[in-house]
Amino acid sequence: MKQGIFEIIDNIPIAKSVYKMRLSGDISEIQRPGQFINIRLEGKYLRRPISVCDADSDTLTIIYKVVGRGTEQMKNMQEGTRLDILTGLGNGYDTSISGGSPLLLGGGVGVPPLYMLSKKLISEGKDVSAVLGFNTKEEIFLEEELKKLGCQVTVTTADGSCGKKGFVTDAFPQEYTYFYTCGPEPMLKAVYKKTKTSGQFSFEERMGCGFGACMGCSCKTVTGYKRICKDGPVLLKEEILWED
């Protein structure tokens with residue numbers, strides 16, 4: 001974990017209530033796709049955890065949805081604004097065990113970390129497929145960017161306004177060697193039941209500290225409770241115990 005000051009390069013809307021923010025700063029602690037940052041916002045007691053969409057050279061990209069006062073404050077930030085950010089948080093995805101044809105499954109704001117993951121898998125010579133799930137056509141983002149990387153992309157929408165009507169579990173390819181997923185818990189549970197191979201789940205949880213000092217974001221596993229911020233957010237399929 002590293003604390004640093006980042007400066008906003010741009011902050012633009014890319015879909016309904018969804019914004020992309022690019023920042024310049026020291027990204028040396030961002031080692032794996034699936035890690036997250038924690039942003040300090042003026043007037044807010046707790047930092048805001050946001051998954052890393054991409055990190056290249058000295059540029060950090062995040063994509064966030066406006067859902068509360070913190071993200072509402074973020075969407076109004078202008079170019080040149082300086083932010084206090086903790087980087088290098090979380091364990092991230094392990095690409096070494098993906099096999100040759102990994103499948104990526106993202107729902108809503110669980111899609112952003114799959115971009116950096118796709119870049120890494122494709123750079124390793126993997127044949128990457130992705131299924132992206134959204135509620136409506138207006139909420140779709142990163143479809144074209146993933147295609148440009150060389151990823152085979154399928155989009156699903158709950159209302160059928162674009163792509164295949166339904167959810168990510170309705171659009172699995174017939175063959176894949178491994179899977180990676182990120183999204184809301186109902187989606188993750190459905191993916192857990194549907195998938196036949198091993199895989200990795202990235203959890204979206206409300207956090208207190210963001211680096212393991214509290215137990216506010218714990219998840220039950222076969223070896224006891226794990227902190228999503230410190231021991232996760234990525235957990236292996238085989239270690240997860242779902243609670244009703």
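This is a short guided tour of the structure, stop by stop, for use with the viewer open.

The model is predicted, so local features are described only at pLDDT of at least 70 and side-chain atom pairs only at pLDDT 80 or more, while totals for chains, interfaces and linings use all residues. Residues are numbered from 1 along each chain as its sequence is written, and side-chain values use heavy atoms, with hydrogens and water left out.

**Stop 1: the barrel**

Start by selecting S1 to S6. These 6 strands close into a barrel, in the order S1-S2-S5-S4-S3-S6, with antiparallel pairing. Strands here are DSSP runs of E with at least two residues, helices are runs of H or I with at least four, and both are numbered from the N terminus. Two strands count as paired if DSSP finds at least two bridges between them. Now narrow the selection to residues 36-39 (S3) and 82-89 (S6), an antiparallel pair joined by 3 bridges. Within this pair, Ile39 stands opposite Ile85 of S6.

**Stop 2: the open sheet**

Next, colour the open sheet of 7 strands, whose order is S10-S9-S8-S7-S11-S12-S15 and whose pairing is mixed. At its edges are S10 (164-165) and S15, each pairing on one side only. Zoom in on S7 and S11, which run parallel and share 5 bridges. Leu104 stands opposite Tyr180 in S11. Add helix H2 (residues 113-123), which packs on the sheet and touches S7 and S11, its direction making about 170° with that of S7. Then show H4, which also packs on the sheet, touching S7, S11 and S12, at about 160° to the direction of S11. Contact means heavy atoms within 4.5 Å, and the angles run from 0 to 180 degrees between N-to-C directions of axes fitted to C-alpha atoms, for helices over the stretch in contact.

**Stop 3: the two sides of H4**

Stay with H4 (residues 185-194) and display Met187, Leu188 and Val191, which are buried. Looking down the axis of H4, you will find its buried residues within an arc of 100°, so they line one face of the helix. That arc is taken over the directions from the helix axis to the C-beta atoms. Pro186 and Lys193 are exposed, on the face turned away from the buried side. Buried means under 20% relative accessible area, exposed over 50%, and partly exposed in between (1.4 Å probe, protein chains only).

**Stop 4: the rings**

Now show the aromatic side chains: the whole structure holds 10 aromatic pairs. Rings of Phe, Tyr and Trp (its six-membered ring) pair if their centres lie within 6.5 Å, with planes under 30 degrees apart called stacked, over 60 edge-to-face and the rest tilted. Phe172 and Tyr176 are an edge-to-face pair, with centres 6.0 Å apart and planes at 85°. Both of these residues are buried. Move on to Phe201 and Trp242, also edge-to-face, at 6.2 Å centre to centre and 75° between the planes. Phe201 lies in S12 (residues 199-203) and Trp242 in the segment after S15 (234-236), so the pair ties together parts that are 41 residues apart in sequence. Phe201 is buried, at 0% relative accessible area, whereas Trp242 is partly exposed, at 25%. Both belong to a cluster that ring pairs build from Phe179, Tyr192, Phe201, Phe203 and Trp242.

**Last stop: the hairpin**

Finish at S13 (residues 218-221) and S14 (residues 224-227), antiparallel strands joined by 4 bridges. Together they form a hairpin with 2 residues between them, and Cys219 stands opposite Lys226 in S14.
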